[in-house]
Amino acid sequence: MSSTATSSTTQAPSLRYAWYVVFVLMIAYVSSFIDRQILSLLVKPMKRDLQINDFEMSLLMGLSFAIFYTLLGIPIGRLADRYSRKRIIIISIALWSLMTALCGITKNYTQLFLARVGVGVGEAGLTPPAYSMITDYFPPEKLSLAMSIYSMGIYIGSGLALVIAGLAIKLASVQEMWALPIVGEIYPWQMVFFIIGLPGLLIAALVFTIREPLRRNRLAQSETVVQQNTLSLEQVLAYIRQNGQAFFGISFAMAFTSMSAYGTTGWYPSMLQRTYGWTEVQAGLAYGGVITLCCTLGILAGGILADRLKRKHGAIANLQVCMYAFVGLLITGWWYTLMPSGQSSILAITISCFLIASPLGAAGAAIQEMMPNQMRGLATAIYFFVLNIIALGLGPTAVAALTDFVFQDEKAVRYSLLTVTIVGNGLALLSMWAAFRAYPKSLERLQVFLNKGNA
């Protein structure tokens, strides 16, 4: 029997420790999304002080971050299949934390754009190795929930970003300008970047406490491959192409629904201010609280439901949960844009937040369960490349472009959000249906490959 077979049957790590690892990685994910989403509540002061429009602001929210976040995710995913995933994560956290703090000392739009690029470079190194580690720590029947708990970091981080920004703006605005040693004078909104960026270095230190797991469920076709603990890039890409309908169906489905989610997260606080006259602090505390509570409950519910459905339907249950969510979003996900008051809009968006979060852990588990171990890092990176180039690159910018160039009215941002939400979730449902039809065949191919490698 090959060494691959031995590693696949080695006793699994304790679930108690595995949950600890998920918790630590989730804290890192929370930090990344606080750094990523903080700009959505800083639109008004940044537009004023930098003298930019909605479209230019959207580039800071999305494109500046997305370019290198998506492109570097692929080579980093390749590294995660070959080297220490823990070390990659530690370096990444330290980098994005320092680059976030650097945003606080930039002097103009170009410098801030480049600093946001640096944040994206750092954050590219978290999820591909994290997904791979979590999959090695958990049995398949608990993987969807584990992925969901890790992915809670998206919504806890996004929600806390708005709450922290609201409170930090209130604190930082006590004086018109802040004078810092060496740095000199900065705007109050720049102080927010110091408040959220530097604590990330403590999280990098926390990751030192987790262990690199044994790689399980590996595919090997020769002893040379086993010793190198990797497969050639051509082999990985060929396997992904062979399973393209399922793999890219899931990827594009999550990309389109995330496009809607990023557009909403980026511009809903501005909608509350422009449509209903709310302040930044009111919008941040209310919407931040909704994201933290409702999205967290949604992603937990999706993971629990997927794991329960697996007992009867197997791994295809992950995609069933995704499709249920997309149908619900098509029916109710846009209500919040047309409510007569800010209070009723906040109430309506609780439904949208719950539903849009529910498929994320299940979709991530579906990708992991169709891939051999030695392909998971790169496959995860490609999955997130598709997701983020569309979601981050287009979500906030599509809303801003509709507002600036189609409706040509800042107060029409609600109709821009309505359009992006309906289009995004409609395309997501179509893509997931294509994946659903092909996924069982992909699972069969996986078993053929594993049996061939372990023969």
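**Exercise 1: the end of a helix.** Find the residue that follows α15 and say what sign its phi has.

*Solution.* Step 1: go to the end of α15 in this predicted model; the residue that comes next is G314. Step 2: check its backbone angle, and you'll see that the phi of G314 is positive, near 80 degrees. Step 3: now look back at the helix itself. α15 covers residues 280-313, which makes 34 residues. From first C-alpha to last it reaches 46 Å, close to the 50 Å expected at 1.5 Å a residue.

**Exercise 2: cysteines.** Work out how many disulfides the structure holds, using C295 as a test case.

*Solution.* Step 1: find the cysteine sulfur closest to that of C295; it belongs to C353, 4.0 Å away. Step 2: compare that with the cut-off: a disulfide needs two cysteine sulfur atoms within 2.5 Å, so the C295 and C353 sulfurs are too far apart for a bond. Step 3: take the whole structure, and the count is 0 disulfides. Step 4: while you're here, check the surroundings. C295 is buried, at 3% relative accessible area, and C103 counts as buried too, at 0%.

**Exercise 3: getting to know Y20.** Decide whether Y20 is buried, partly exposed or exposed, and list its contacts beyond its neighbours within four places in sequence.

*Solution.* Step 1: place the residue: Y20 sits in helix α2, residues 15-37. Step 2: its relative accessible area is 31%. Buried means under 20% and exposed means over 50%, so Y20 is partly exposed. Step 3: leave out those sequence neighbours, and Y20 touches L206, T209 and I210.

How values were computed
Residues numbered from 1 in each chain as written. Predicted model: local features only at pLDDT ≥ 70, side-chain atom pairs only at ≥ 80, totals over all residues. Heavy atoms only, no water. Buried < 20%, exposed > 50% of the residue type's maximum accessible area, 1.4 Å probe, protein only. Helix = DSSP H or I, 4+ residues; strand = E, 2+ residues; numbered from the N terminus. Expected span 1.5 Å × (residues − 1). Contact = heavy atoms within 4.5 Å.
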